[in-house]
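Student: I am new to this structure and would like a close look at a single part of it. Could you take me through the largest pocket and what lies around it?

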Amino acid sequence: MPESVEAVEMQAALLRLRRTSGLPVAFGGLLSDSRHARIAEVNGARTAALRGLVISSGSGLGGKSMALSRPCAVTDYRSSRHISHEYDTAVAAEGLRSVVAVPVVVRREVRGVLYGALREPLTLGDRTFDAAVAAARDVEQALVVRDEVRQLLAAGRPEPDAAAGAAAAVAAWEDVREAHRELRALMPKVLDPALRDELLAVCGRLASATGAREPGEREVRLAPREIDVLACVAAGATNAVAADRLGLRPETVKGYLRSAMRRLGAHTRLEAVVAARRAGLLP
């Protein structure tokens with residue numbers, strides 16, 4: 001993906017994060033090498049203190065998020081005992097207090113980090129976490145497209161227009177995900193066991209299309225109904241809508257979702273969807 005398209009995608013993700021979460025500041029960047037990310041895009045800042053900042057894995061809040069490969073947050077950055085404080089000068093210059101950081105992960109490899117922040121020391125809720133995870137997922141999808149373009153070039157094929165190719169690829173993946181959800185919802189209505197097994201195999205191929213689980217990593221197993229519920233959640237369905245699609249009660253859907261989140265080590269609905277995709281359980 002050319003730099004201009006990459007920058008536009010990052011800017012769009014940060015803007016969506018601010019709009020959906022209500023956070024006044026969002027910023028982020030991609031890794032420049034295996035251990036360092038450079039903050040290249042900033043939205044809502046009052047100063048230039050954050051732009052160009054190089055974040056080392058394990059250092060500060062973003063570095064901790066990168067090292068653990070999961071979202072991290074602090075209620076008051078400058079007084080937190082749970083992070084190191086290499087970047088306090090830049091954070092203080094911008095007046096940031098409550099901050100969330102989410103890693104950008106593609107096929108289990110950390111590729112960058114996104115932040116959202118308040119200038120007040122307030123606890124960040126699930127809505128904020130969900131918005132931050134969703135923004136990181138947008139960037140992850142764009143990076144998948146970039147990787148595919150590079151593979152095409154390596155194979156000697158002509159390079160497509162990057163912006164059009166990115167939009168088409170993301171749209172195609174959304175079609176795949178919708179088809180997967182519809183098949184999962186249809187399966188309980190199929191009485192023929194052999195046909196049901198065939199449909200289940202097709203769903204498995206769709207779910208694993210984004211990449212395999214890393215060798216040696218603990219396998220996560222979910223019950224079929226837990227996957228069904230996550231597939232609906234991934235499509236933006238509320239518990240009530242998911243219940244209607246799957247022929248279940250809303251309370252039952254909530255129970256399946258809680259169980260899936262516990263098995264995946266997720267704290268929010270969107271975090272569970274991302275974890276399920278990375279585990280090869282959803283496309």
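Tutor: Gladly, and let's begin with the walls. β6 (98–106), α4 (126–154), α9 (250–264) and α10 (269–278) each contribute at least two residues to the lining of the largest pocket. Please keep in mind that this is a predicted model. The volume of this pocket is about 450 Å³. Its lining is made up of 25 residues, and S69, R108, L264, A275 and R278 are the ones closest to the centre. By character, the lining splits into 13 nonpolar, 3 polar and 9 charged residues.

Now follow L264 away from the pocket. L264 is also one of the residues with the most contacts inside the largest nonpolar core, along with L222, L230, L281 and L282; this core has 27 residues. At least two residues of the core come from each of α7 (224–234), α8 (239–246), α9 and α10, and α7 gives the most, with 7 residues. So α9 and α10 appear in both lists: they supply the pocket lining and they supply the core. To see how the core is joined up, try L222: leaving aside neighbours within four places in sequence, L222 is in contact with I227, L230, A260, R263, L264 and L281.

Finally, look at α8, which also supplies the core. Its buried residues are N239, A242, A243 and L246. These cover an arc of only 100° around the axis, which puts them on the same side of α8. An α-helix has 3.6 residues a turn, so residues three or four places apart point the same way. Just after α8, G247 takes a positive phi of about 70°.

Technical notes. Residues numbered from 1 in each chain as written. Predicted model: local features only at pLDDT ≥ 70, side-chain atom pairs only at ≥ 80, totals over all residues. Heavy atoms only, no water. 1 Å grid on protein atoms, 1.4 Å probe; cavity = no way out; pocket = protein on both sides within 12 Å on 5 of 7 lines; lining within 4 Å. Points joined across faces, edges and corners; volume = space filled by probe spheres on them. Helix = DSSP H or I, 4+ residues; strand = E, 2+ residues; numbered from the N terminus. Nonpolar A, V, L, I, M, F, W, Y, C, P; charged D, E, K, R; others polar. Core = buried A, V, L, I, M, F, W, Y, C linked by side-chain atoms within 4.5 Å. Buried < 20%, exposed > 50% of the residue type's maximum accessible area, 1.4 Å probe, protein only. Contact = heavy atoms within 4.5 Å. Arc of directions from axis to C-beta.
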